[in-house]
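User: I am new to reading protein models. Please take one part of this one and walk me through it closely.

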Amino acid sequence: MTLFTTGNTRFTRTLLASSLILSAFSFNASATSPAHPSGVNQNMISAQMYTANDYSTTKETKMFPAPQTGQVQHILTLPKLENEADYRVEIQIGQTKMVDCNKHGLNGELKQHSVKGWGYNYYQVDSISEGPSTMMACFDQAKTEKFLPIRDDLMLKYDSRLPKVFYLPENTQVRYRVWKVESPFSYSGEAAK
């Protein structure tokens, strides 16, 4: 009878330890940050696209040039937020392509221009071409659809007063997301007295 009780105690301890470990892993796996109350984790930026054929101006974009033939004007409109200095908008420009198991890239140069007489910035990529790629043997693996960015990426201050305007070749996308500062500034050196 003592052997059965000792075995039962070992089984109980093992079961208890296993369930604690399992619950710890389960908790870590399901722990995620809640959505930000301002809706930053939501798709809050509105995007519009115009070609040379369907271009129309709005009050907010009338000062920007019309897209040329073969170009698409992408306009990102940001909603007003409190403490906009705490936010940044990350921009990646690229194309969605069918690729194999290799790492692929695209070549293109992102240029910043200014609207004459207004001082407002806009961005332009004149052409995008195939870039570097690894050369692994993929055998018979199926190709998958993947967004491939050009090497130039952009981190802009969040400013809802003006839209972010891009002129890109046809079949090119702007990928964007909003970042929020969560930590206070730290200092190097001694503080002023």
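Analyst: Here is a close look at one charged pair, followed by the disulfide and the chain as a whole. Keep in mind that this is a predicted model.

Start with Lys164. It is found in strand β9. Its partner for this tour is Asp159, in the loop between β8 (144-157) and β9 (164-169).

Is Lys164 buried or exposed? Lys164 is buried. Yet Lys164 has no salt bridge. Asp159 is the nearest side chain of opposite charge, and it is 4.9 Å away. A salt bridge needs a side-chain nitrogen of Lys or Arg within 4 Å of a carboxyl oxygen of Asp or Glu, so this pair does not count as one.

What does Asp159 offer Lys164 instead? Look at the backbone. The backbone oxygen of Asp159 lies 3.2 Å from a polar atom of the Lys164 side chain.

Now look around Lys164. Set aside neighbours within four places in sequence. Lys164 is then in contact with His74, Ile75, Leu76, Leu78, Leu156, Lys157 and Asp159.

Do the same for Asp159. Leaving out neighbours within four places, Asp159 is in contact with Leu78, Glu84 and Lys164. Leu78 thus appears in the contacts of Asp159 and in those of Lys164. Arg88 is another residue to find. It is 71 residues from Asp159 along the chain, but their C-alpha atoms are separated by 8.7 Å.

Next, the disulfide. A disulfide is a covalent bond between the sulfur atoms of two cysteines. A search of the whole structure finds 1. Cys101 and Cys138 form it, with their sulfur atoms 2.1 Å apart. The pair links distant parts of the chain, 37 residues apart. Cys101 is in the loop between β3 (87-99) and β4 (104-107). Cys138 is in the loop between β7 (129-133) and β8. The torsion about the S-S bond is about -95°, so the disulfide is left-handed.

How buried are the two ends? Cys101 has 30% relative accessibility, so it counts as partly exposed. Cys138 has 9%, so it counts as buried.

Finally, step back to the whole chain. Its secondary structure comes to 1 helix and 10 strands. From the N terminus, the helix comes before the strands. Of the 193 residues, 29% count as buried, and Lys164 is one of the buried residues. Among contacts with a separation of 6 or more, 76% come from residues 24 or more positions apart. The accessible surface comes to about 14,100 Å², and 54% of it belongs to carbon and sulfur atoms.

Key
Residues numbered from 1 in each chain as written. Predicted model: local features only at pLDDT ≥ 70, side-chain atom pairs only at ≥ 80, totals over all residues. Heavy atoms only, no water. Helix = DSSP H or I, 4+ residues; strand = E, 2+ residues; numbered from the N terminus. Contact = heavy atoms within 4.5 Å. Buried < 20%, exposed > 50% of the residue type's maximum accessible area, 1.4 Å probe, protein only. Lys, Arg positive; Asp, Glu negative; His and termini not counted. Polar contact = N/O pair within 3.5 Å; in protein donor to acceptor, adjacent residues only side chain to side chain. Areas by Shrake-Rupley, 256 points an atom, 1.4 Å probe, with all protein chains shown as cover. Disulfide = S-S within 2.5 Å.
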